[in-house]
Amino acid sequence: MITAAKPDSGLHESADLVIDVQNLTRTYQVGSQEVHALRGVSFSIERGEFVAIMGASGSGKSTLMNLIGCLDQTTGGTYLLEGVDVAKLDEQALAKIRSHRVGFVFQSFNLLPRTTAAENVSLPLFYSGQLADSEERVKQTLTLLGLGDRLNNRPNQLSGGQQQRVALARALINNPAILLADEPTGNLDSATANEIMSLLQKLNRENGLTIILVTHEQEMADFADRTITLRDGLMLSDVRKSAVKNTSQRVITNIAPAAASSKLSFTEVLSFLMMVCVAALSAIGRNKLRSALTMLGIFIGVCALIIMLAVGEGARAAVQEQLKSLGTDLLIVLPGSTRGGGVRGGSGSASSLKVADGEAILAENSAVGAVAYVNRQSAQVENGDENWSTSVQGVTPSYLTIRNWALSAGRLISDEDERDGKAVCILGQTVVDNLFGDGQNPIGATVIVKNVPMEVIGVLAVKGHAASGQDQDDVALIPFHTSQVRVLGVSQPSTSMTQGSTVYPAPPNPFNIQPKLQGFVQTMYVQARSPELVKTALQQVTQTLERRHRIKPDHDDDFSVRDLTEIAEVADQNSRVMELLLAAIASISLIVGGIGIMNILLVSVTERTREIGIRMAIGAKRSHVLLQFLMEATLLSLIGGGIGVLAGIAGSQIIAKVAHWPTLLHTSVIVGAFCFSAAIGMFFGFYPARKASLLNPIDALRYE
């Protein structure tokens, strides 16, 4: 129901004077010409009056209406609304006046076309923050105007008279002090026009509502108690037909306290956020194809970002896991490089490490806990009719312990196996898969390794592929001594060290005398007594080898000692750089998607300029308009980002299974990508949203 507001103690002495216009002028600049719409108009309107403003087209009556309704600004003169100079109020205060004090009824109805009658009527409640019993108030107001059964009908489902009643209900829903009706019957037939005017007259008589009617029809003006006539921007006459009746029934509070506050209250923010979410989703749903294409850029960007980070993080984790499997307390000692004919070979091309070097390191260096040797060579391994070319490695018993490499079956190479040079081997899972069929137990079986029969005593636990792509399980381990004397050969120094090394077959051993480990070592693993002693062990090993190899201070070492912790740090740093590069590439797609959102919103602002004007006319502040379009941009990004997150998770899983690439996806990456997509939408949506909020209400209303 429409009821009178309660009086307030802050009223001015002339409490009955609602509008006071003195020497009001309004000039428009059209090209190089000035158009004088109003030329010094002066009048006053008391509370409860029903005033008709008449005049021919171009007389300035609509301009005067817009000035009274705070939709336009004066060029000169004074306009006091309840004693407050409107020209001195900011935009926030003017919006509060339109929301709480003034109701508009337009000739063209100005209803939002894609919303129901109830939603159109409830808009002012959202902008004013009056959410209490909003549904009931909307229903009562529409029922009062004879539209109780049309709550869910859209404007295109209503007749002209019904649409005008909806517009009238929207103007009255906030219980305004002044109702401004601009040609409210211009698009109606005479019978419907009389019904609308009778309803306005009833509101004035029974509720004391101050009504200002703009019309060019004398028949409509006759419903008013007072008629002001304009011509060419000048006021020709001001005629009162009868005294104002029942003005004491409706008293409103002074506007000054409300206008003084320009900050949004929590209730207003909450109510508006509820509305803009629904409005934004509705706007997105109205243009499904365009919205889908706009989201596509965000979708691709988020999906690519998640997949690339998952791949990068997976590769980094694989490298770390591989290095971790080697141990954080390990040093790797490799032979140096050779020079010949001005050409330098790679690391390990020289035969500069000996078994004796390892023995000296273990005996002399207090920070060293264990030493293992490795010689490797590609060779054919056979089992019956099956054969497989793999990496055969001669290792000492301490090798697997130092490498933290466990067995899935069988036993380790023992000291006895090493001392006696036994023909035993441990196979990697890849070799087992290729030499033994399903269900066959390789333990105890005999395989031929480079024409030497060997017993399989163990199977290595699966390690998978290294970050470089090498299959770590494609290996066969044999005792180091056995590799020297029976399989790979004993490496001996040549008579001339400048000619490199020569590999000789094992000499005859008719008395089965086992020689001491000798020859050269391709790779040496040195384990420090603790991770804290790695740096100390590195210094000691380097000094020992330099002394044994007689390296002069001004010469390069003929060996290299690598600290796995440093390798891990470098690998981790390189992996992070690669991740950042991949993330940057994927972010470009997100930026392109953000530009698409900005472009679409700019188009949307142009298409919905009139809608923006309508919202401002019924009380929307500039911040309301800004937030509404910003919410649309954010929702576009969030929806596209949400779908992109799901696609990215699925894509990373597919890559891991199909391409066998290691992938690792953290929750922080998913949350970060989703939040980043929202930030992109807000950033690129801000300019169109701000452009919409800065529109002049009257210009927006006139936009076609």
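The following exercises, with worked solutions, concern a predicted model of one protein chain.

**Exercise 1.** Describe the chain as a whole: how many helices and strands does the chain have, and what share of its residues count as buried?

*Solution.* Begin with the secondary structure, which comprises 21 helices and 24 strands. Next, consider burial: 49% of the 704 residues count as buried. Then turn to the surface, where the chain exposes about 32,700 Å². Carbon and sulfur atoms supply 55% of that exposed area. Finally, examine the contacts between residues at least 6 apart in sequence; 78% of these join residues at least 24 apart.

**Exercise 2.** Locate Glu632 and determine whether Glu632 is buried or exposed; then state which residues Glu632 touches.

*Solution.* First, find the element: Glu632 belongs to helix 19, which spans residues 622-658. Second, apply the cut-off, since buried means under 20% relative accessible area. The relative accessibility of Glu632 is 5%, and therefore Glu632 counts as buried. Third, list the neighbours, leaving aside residues up to four places away in sequence: Glu632 touches Ala280, Ala283, Ile284, Leu601, Ser604 and Arg608. Fourth, look at Arg608 again, because its side chain makes a polar contact with the side chain of Glu632, at 2.8 Å.

**Exercise 3.** Place Leu334 in the chain and state what separation its C-alpha atom has from that of Arg562.

*Solution.* Start with strand 11, residues 330-335, in which Leu334 lies. The relative accessible area of Leu334 is 16%, so this residue is buried. Lastly, compare sequence with space: Leu334 and Arg562 are 228 residues apart along the chain, while their C-alpha atoms are separated by 8.2 Å.

Conventions. Residues numbered from 1 in each chain as written. Predicted model: local features only at pLDDT ≥ 70, side-chain atom pairs only at ≥ 80, totals over all residues. Heavy atoms only, no water. Helix = DSSP H or I, 4+ residues; strand = E, 2+ residues; numbered from the N terminus. Buried < 20%, exposed > 50% of the residue type's maximum accessible area, 1.4 Å probe, protein only. Contact = heavy atoms within 4.5 Å. Areas by Shrake-Rupley, 256 points an atom, 1.4 Å probe, with all protein chains shown as cover. Polar contact = N/O pair within 3.5 Å; in protein donor to acceptor, adjacent residues only side chain to side chain.
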